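Thanks for coming. I will take you through one structure this morning, a piece at a time, and put a few questions along the way.

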Amino acid sequence: MAYEIVVVGTSWGGLSALRELIRGLPGDFGLPLVVVQHRHKQSNHLLTGLLQDFTPLCVAEVEDKAPIVPGNVFIAPADYHLLVDDGHFSLSTDEPVRYSRPSIDVTFVSAADAYGDRSVGVVLTGANADGSRGLKRIHDRGGLTFVQAPQTAESPTMPNAAIKCVPDARVLTIAEIAQQIASVPVRAVQGARRSGVQ
Amino acid sequence: MAVPLKPNRSLNGPPVSYDSELERVEIELLLEGVFRHYGFDFRSYAYASIRRRLWKRIEAEGLSSISELQALVLHDTSAMERLLLDLSVSVTAMFRDPGFYVAFREIVVPLLRTYPFIRIWHAGCSTGEEVYSTAILLEEEGLLDRTRIYATDINDAVLQQARAGIFPLNRMQEYTENYIRAGGKKSFSEYYTAMYDGALFSPSLTRSVVFSQHNLVTDRSFSEFNVIFCRNVLIYFDRQLQNRVHALFYESLVMFGILALGSKESLRFSQYEPCYEKLHPREKLYRKAR
């Protein structure tokens with residue numbers, strides 16, 4: 001089995017969790033990493049800057065139709081749903097799902113439907129249940145699933161909900177998750193590295 | 001239509017047992033059928049989002065496959081109307097992205113003052129929230145009386161809503177905050193009258209507005225404009241269709257005319273990027289330069 005995309009969902013406590021995760025990834029990490037973090041809709045590019053300091057990978061908010069290529073950490077922009085198509089992103093302003101836009105479930109479901117068993121899903125700390133149904137979809141499509149160990153999470157609600165929905169998910173610390181996703185087999189994808197973002 | 005949702009069906013996607021290749025075939029057939037029978041062309045819409053919207057409709061109609069939805073909408077006009085609403089309505093807000101309106105006031109308004117008469121096109125205006133936002137801004141800048149705003153959408157039902165100028169009262173707190181952040185000069189409540197659960201906006205705001213049906217996919221340019229707003233509409237199109245619409249916008253702008261896109265839309269993936277210059281580092285305000 002070889003993989004093509006990693007999607008990560010988090011909410012409350014997400015910033016430090018994300019920092020730890022991307023700090024654990026090597027500079028030649030071979031998969032595009034897509035991050036959906038709940039935040040206020042007026043929030044600006046702050047998150048991008050706060051993460052960029054921790055990785056040689058290129059961190060940027062997604063613009064519509066940006067190609068999905070390795071070497072990048074793609075951040076779902078505030079107040080849009082982020083949909084994954086085969087090879088590129090699409091944004092949507094459809095209604096919030098369970099009060100969230102971006103919704104982790106929406107991104108995970110679209111990644112599972114577009115990439116099937118080539119997708120990897122990661123649920124980190126958070127104070128609601130978003131992401132669990134999407135993680136189940138990734139699992140049902142044959143993808144690889146990880147959940148942050150609830151006792152290590154700033155807010156265990158989201159990891160607990162994900163484990164309940166996907167009992168087979170690998171439950172690990174963030175450092176272990178980073179280590180494992182950094183060593184999954186990568187499916188070669190055409191297209192230049194880092195061409196997707198500014 | 002009260003159909004109990006099965007828990008695994010509420011994700012606006014197919015059951016996992018559904019064959020993805022077959023799903024794509026069915027979606028293409030459905031969109032082809034809708035185009036040939038009704039003339040609405042959704043064939044070049046972004047796949048991931050149209051797929052999600054189709055499954056939402058399938059769920060709401062209590063069906064279980066794309067082909068069932070195809071049969072229903074081809075034989076039942078009212079089902080087609082419901083689907084048309086799902087596919088064509090874009091959800092927006094008054095003064096969405098306040099920073100955009102600040103930039104518009106600071107950069108675009110001074111340019112507009114140099115024109116004796118201003119023509120603006122709101123392409124894909126949906127229920128009109130951004131049209132009213134622009135009208136309010138131009139009114140406050142003293143420009144509304146020398147402006148004509150053409151507000152168009154593919155869907156006549158949403159245009160009727162836009163024309164009526166009634167928006168949900170429970171959104172007014174959010175809109176007021178947006179308006180203040182957008183650099184509004186008055187008290188937002190001066191622009192509307194609360195009635196029951198609606199806020200009726202002053203009809204004088206639309207004295208310069210023409211609402212009219214126009215299909216970005218199939219219709220041609222109909223005038224020359226100083227400004228074209230098309231925010232968060234093109235995200236629903238695939239890249240090829242985006243390029244076609246950009247050609248339409250390019251033709252429809254006067255030289256040095258302004259193109260305003262949504263904050264996460266970009267000319268970067270279109271072949272028209274070299275024809276425009278950026279007016280702001282972050283907000284998607286472009287000026288036709290060649």
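In which sense do β1(B) and β2(B) pair, and over how many bridges? They pair in the parallel sense, over six bridges. Before I go further, please keep in mind that this is a predicted model.

Let us stay with that pair of strands. One bridge links B:Trp121 to its partner B:Tyr150, which sits in β2(B). B:Tyr150 also has a bridge partner in β6(B), namely B:Val210. Strand β2 of chain B covers residues 147–153, and five bridges join it to β6(B), again with the two strands running parallel. That gives you a path you can follow on the screen: from B:Trp121 to B:Tyr150, and from B:Tyr150 on to B:Val210.

Now the whole sheet. It is an open sheet of seven strands in chain B, in the order β6-β2-β1-β7-β8-β10-β9, and the pairing is mixed. Which strands stand at the edges? They are β6, residues 209–213, and β9, residues 276–278. Each has a single partner strand, so one side of each is left without a neighbour in the sheet. On average, neighbouring strands are turned by 20° against each other, direction ignored. A general point for anyone new to sheets: in a regular strand the side chains alternate between the two faces of the sheet.

What lies across part of this sheet? Helix α6 of chain B, residues 129–140, lies across β1, β2, β6 and β7 of that chain. Relative to β2(B), this helix runs at about 170°. As for β1(B), five of its six residues are buried, and the strand is mostly covered.

Next, the domains. Chain B is divided into domain 1, residues 7–88, and domain 2, residues 98–288. The centres of the two domains, taken over C-alpha atoms, are separated by 29 Å. How many residues of each are in contact? Eight residues of domain 1 of chain B touch 10 residues of domain 2 of chain B. On the domain 1 side, helix α4 of chain B, residues 77–88, gives the largest share, with three residues. By class, that side has four nonpolar residues, three polar and one charged.

There is one residue to point out in the loop between α4 and α5 of chain B, and that is B:Asp97. B:Asp97 has a positive phi of about 60°, although it is not a glycine. Is B:Asp97 buried or exposed? With 25 other C-beta atoms within 10 Å, B:Asp97 is buried, because the cut-off for buried is 20 or more.

Now compare that with chain A. A:Tyr99 is in the loop between β6 and α3 of chain A. A:Tyr99 is not a glycine either, and has a positive phi of about 70°. Here the count is 10 C-beta neighbours inside 10 Å, so A:Tyr99 counts as exposed. In the loop between β6 and α3 of chain A you will also find A:Pro102. A cis peptide bond joins A:Arg101 to A:Pro102, with omega about 10°. Why mention these cases at all? Because most residues other than glycine have a negative phi, and most peptide bonds are trans.

Still in chain A, look at two helices. Helix α4, residues 132–140, and helix α5, residues 157–165, pack at an angle of about 40°, with their axes 8 Å apart. The crossing of α4(A) and α5(A) is right-handed. From α4(A), the contact uses A:Ser132, A:Arg133, A:Leu135 and A:Lys136; from α5(A), it uses A:Ala161, A:Ala162 and A:Cys165. These residues divide into four nonpolar, one polar and two charged.

Last, the two chains together. The contact takes 19 residues from chain B and 24 residues from chain A. On the chain B side, helix α2 of chain B, residues 47–60, gives the most, with three residues. The side of chain B that touches chain A has eight nonpolar, seven polar and four charged residues.

One residue to finish on is B:Arg239, in helix α9 of chain B, residues 239–252. What does B:Arg239 touch, not counting residues up to four places away in sequence? It touches A:Lys65 and B:Phe269. B:Arg239 and B:Phe269 are 30 residues apart in sequence, and 7.7 Å apart in space, C-alpha to C-alpha. B:Arg239 is partly exposed, with 17 other C-beta atoms within 10 Å.

Definitions and conventions
Residues numbered from 1 in each chain as written. Chains lettered and ligands numbered in written order. Predicted model: local features only at pLDDT ≥ 70, side-chain atom pairs only at ≥ 80, totals over all residues. Domains from an automatic or database assignment. Contact = placed C-beta atoms within 7 Å. Helix = DSSP H or I, 4+ residues; strand = E, 2+ residues; numbered from the N terminus. Nonpolar A, V, L, I, M, F, W, Y, C, P; charged D, E, K, R; others polar. Buried ≥ 20, exposed ≤ 12 C-beta atoms within 10 Å, placed from the backbone. Axes fitted to C-alpha atoms, helices over the stretch in contact; angles between N-to-C directions. Left-handed = near helix turned anticlockwise from the far one by under 90°. Pairing = 2+ DSSP bridges.
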